[in-house]
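The exercises below ask you to read a structure step by step, each with a worked solution. Please keep the sequence and the structure in view as you work.

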Amino acid sequence: MEGLPDPLVWEILNRIKRTADRNSVSLSCKHFHNLDNEQRQFLRVGCGLDPPNEALTSLCNRFPNLTRVEITYSGWMSKLGKQLDNQGLFILSNYCPSLSDLALSYCTVITDEGLSYLSSCSKLSALKLNFTPRITGCGILSLVVGCKNLTILHLIRCLNVSSVEWLEYLGKLETLEDLTIKNCRAIGEGDLIKLGQSWRKIKRLQFEVDANYRYMKVYDRLAVDRWQKQCVPCDNMLELSLVNCIISAGRGLACVLGKCKNLEKIHLDMCVGVRDCDIVSLARKSKNLRSISLRIPSDFSFPVYLNNPLRLSDESLKALAQNCPMLESIKISFSDGEFPSFSSFTLCGIVSLIQKCPVKELSFDQVYSFNDIGMQALCLAQYLEKLELVRCQEITDEGLHLVSQFSRLRILRLFKCLGVTNDGLKPLLGSYKLELLAVEDCPQISERGMVGAARSISFRQDLSWMF
């Protein structure tokens, strides 16, 4: 083994993905150990790092070419020892000259001072913070001022990030390509206008508002005017995910929906105020759309101050069918409500979408208008490979019998469907047509009734949701 040429050893090490396996290989001989130390680029540490600063220094000396570091303290308790502090980030900035990607999760003692040390990491292009409660907007500003190559920024549950001067600075740099902001209570949709010209560069945006604080930040007149005057097209936007947002005409993120001509994937989850005209505008502009996921609030969850009922209709589905010839993944879900069927699309609209788009993945959750006739329409969906039905109570055994006629279907998932029984699976028994059949919480289907219906089966039953 000692005689193997270095390029061959590097190739071997590159094919080993699990850290534990790679550690074992590096201990097999001194030659492997030395080359692994030189080549190791990723390091993940956390609760086992004790004492943290001394241990991190040792690891950085051992692996001098680290480019990605993840520090996570999920599940940490005081009895597990001290957490990495600001001095730890100082060590990273001095011992890891090639550091380009840093993720900090549940690091509760790191403050703005620690982030300021990272400003000297000139190659840092990705920063991901998940529940770092002592970091504020000032710390992020100090980092982005120093790290001018930052292209990826993820902020998740950073509760004290309130000032948004860093957003304005990033807007001027025009380097940001991937921005995620989730449950940062003090950052509102209106603040994103401060990205300015950076909207041209952004390829991926995820913005999630804590549902309990959805209405905390209101739009001031200046923010509204800036959104309405925003003429920067989002030409490079490929993925857009909005959760618990307020979509209001002429304000905030509603101004973005119709400007993403290269958009491939969109996810709208519990976004209050989305109208047909928003989806129609999106469909007409985004001809390359490949995936759409809609989780729609119940009509009865809207604030009382809205004058008109805002709900999507078949007009949205037909616009997608007519304008998005590459749409292959569709997920439609309705939130729990007293009368969820009142706010669903009709079967006509759903069928038009299925027939005109090359759908490969289809998922319905509480879409009560989808019934056995809809299942019959799926017989013509020649590209369908994955079907997921969740709480679709109008589906019966008659509709389930048709699954055997879906030419390319490989994966079928049935969750909490009351109308299907073991009899519905009989046409599949012995055919092994499906690669996977997963059934969860369907009271009339047993694990025995699934045997032979697919190469692999998954069964779970917990009927507490019914009571």
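**Exercise 1. Find how many aromatic pairs the whole structure holds, and describe the pair of Tyr-106 and Phe-131.**

Solution. The model is a predicted one, and a search of the whole structure finds 4 aromatic pairs. In one of them, the ring centres of Tyr-106 and Phe-131 are 5.8 Å apart and the planes stand at 45°. Planes under 30 degrees apart would count as stacked and planes over 60 as edge-to-face, so the pair at 45° is tilted. The next step is to place the two residues: Tyr-106 is in the loop between β3 and α6 (112–118), while Phe-131 is in the loop between β4 (126–130) and α7, and the pair therefore ties together parts that are 25 residues apart in sequence. As for exposure, Tyr-106 counts as partly exposed at 25% relative accessibility, and Phe-131 counts as partly exposed at 25% too.

A further pair is formed by Phe-364 and Phe-370, whose ring centres lie 4.7 Å apart with the planes at 50°, so this pair is tilted. Both Phe-364 and Phe-370 are buried.

**Exercise 2. Work out which parts of the chain are linked by the salt bridges of Arg-44 with Glu-70, of Asp-101 with Lys-128, and of Arg-295 with Asp-269.**

Solution. Side chains of opposite charge can pair when their charged atoms come close. The search of the whole structure finds 14 salt bridges, among them the one between Arg-44 and Glu-70, where the closest N and O atoms are 3.1 Å apart. This pair links distant parts of the chain, with Arg-44 in strand β1 (residues 42–45) and Glu-70 in strand β2 (residues 68–72), 26 residues apart. Arg-44 has a relative accessible area of 54% and is therefore exposed, whereas Glu-70, at 22%, counts as partly exposed.

In the salt bridge of Asp-101 and Lys-128, the N to O distance is 3.7 Å. Asp-101 belongs to strand β3 and Lys-128 to strand β4, so that the pair, 27 residues apart, links distant parts of the chain. Here Asp-101 is buried, with a relative accessible area of 16%, and Lys-128 is partly exposed, at 29%.

Arg-295 and Asp-269 also meet in a salt bridge, at 3.1 Å from N to O. Because Arg-295 lies in strand β10 (residues 291–296) and Asp-269 in strand β9 (residues 265–269), the pair ties together parts that are 26 residues apart in sequence. Arg-295 counts as partly exposed at 35% relative accessibility, and Asp-269 counts as buried at 14%.

Finally, Asp-178, Arg-204 and Glu-239 are linked in a network of salt bridges.

**Exercise 3. Describe the surroundings of Ala-103 and of Ser-241, leaving aside neighbours within four places in sequence.**

Solution. Begin with Ala-103, which has its place in strand β3 (residues 101–105). Its relative accessible area is 12%, and because buried means under 20%, Ala-103 is buried. Once those neighbours in sequence are left aside, Ala-103 is in contact with Val-69, Glu-70, Ile-71 and Lys-128. Of these, Ile-71 is 32 residues from Ala-103 along the chain, yet their C-alpha atoms are separated by 6.2 Å.

Ser-241, in turn, lies in strand β8 (residues 239–243) and is buried, with a relative accessible area of 13%. With the same neighbours left aside, the contacts of Ser-241 are Leu-205, Gln-206, Phe-207 and His-267.

**Exercise 4. Decide on which side of helix α8 its buried residues lie, and name the elements they pack against.**

Solution. The buried residues of helix α8 (residues 165–173) are Trp-166, Leu-167, Leu-170 and Gly-171. They cover an arc of only 145° around the axis, and therefore lie on the same side of α8. The elements they pack against are α7 (137–146), β5 (152–156) and β6 (178–182). After α8 comes Glu-174, whose phi is positive, near 60°.

**Exercise 5. Find the residues that form a nonpolar surface patch with Met-466, and then look at the chain as a whole.**

Solution. Leu-418, Met-466 and Phe-467 form the patch, with about 340 Å² of accessible area together. Met-466 is in the segment after β16 (454–460) and counts as partly exposed, at 36% relative accessibility. The chain has 15 helices and 16 strands, and buried residues make up 50% of its 467 residues.

Definitions and conventions: Residues numbered from 1 in each chain as written. Predicted model: local features only at pLDDT ≥ 70, side-chain atom pairs only at ≥ 80, totals over all residues. Heavy atoms only, no water. Patch = residues over 30% accessible without salt bridge, like charges linked within 9 Å, V, L, I, M, F, W, Y side chains within 5 Å. Areas by Shrake-Rupley, 256 points an atom, 1.4 Å probe, with all protein chains shown as cover. Salt bridge = Lys/Arg side-chain N within 4 Å of Asp/Glu carboxyl O. Helix = DSSP H or I, 4+ residues; strand = E, 2+ residues; numbered from the N terminus. Buried < 20%, exposed > 50% of the residue type's maximum accessible area, 1.4 Å probe, protein only. Arc of directions from axis to C-beta. Contact = heavy atoms within 4.5 Å. Phe/Tyr/Trp six-rings, centres within 6.5 Å; stacked < 30°, edge-to-face > 60°.
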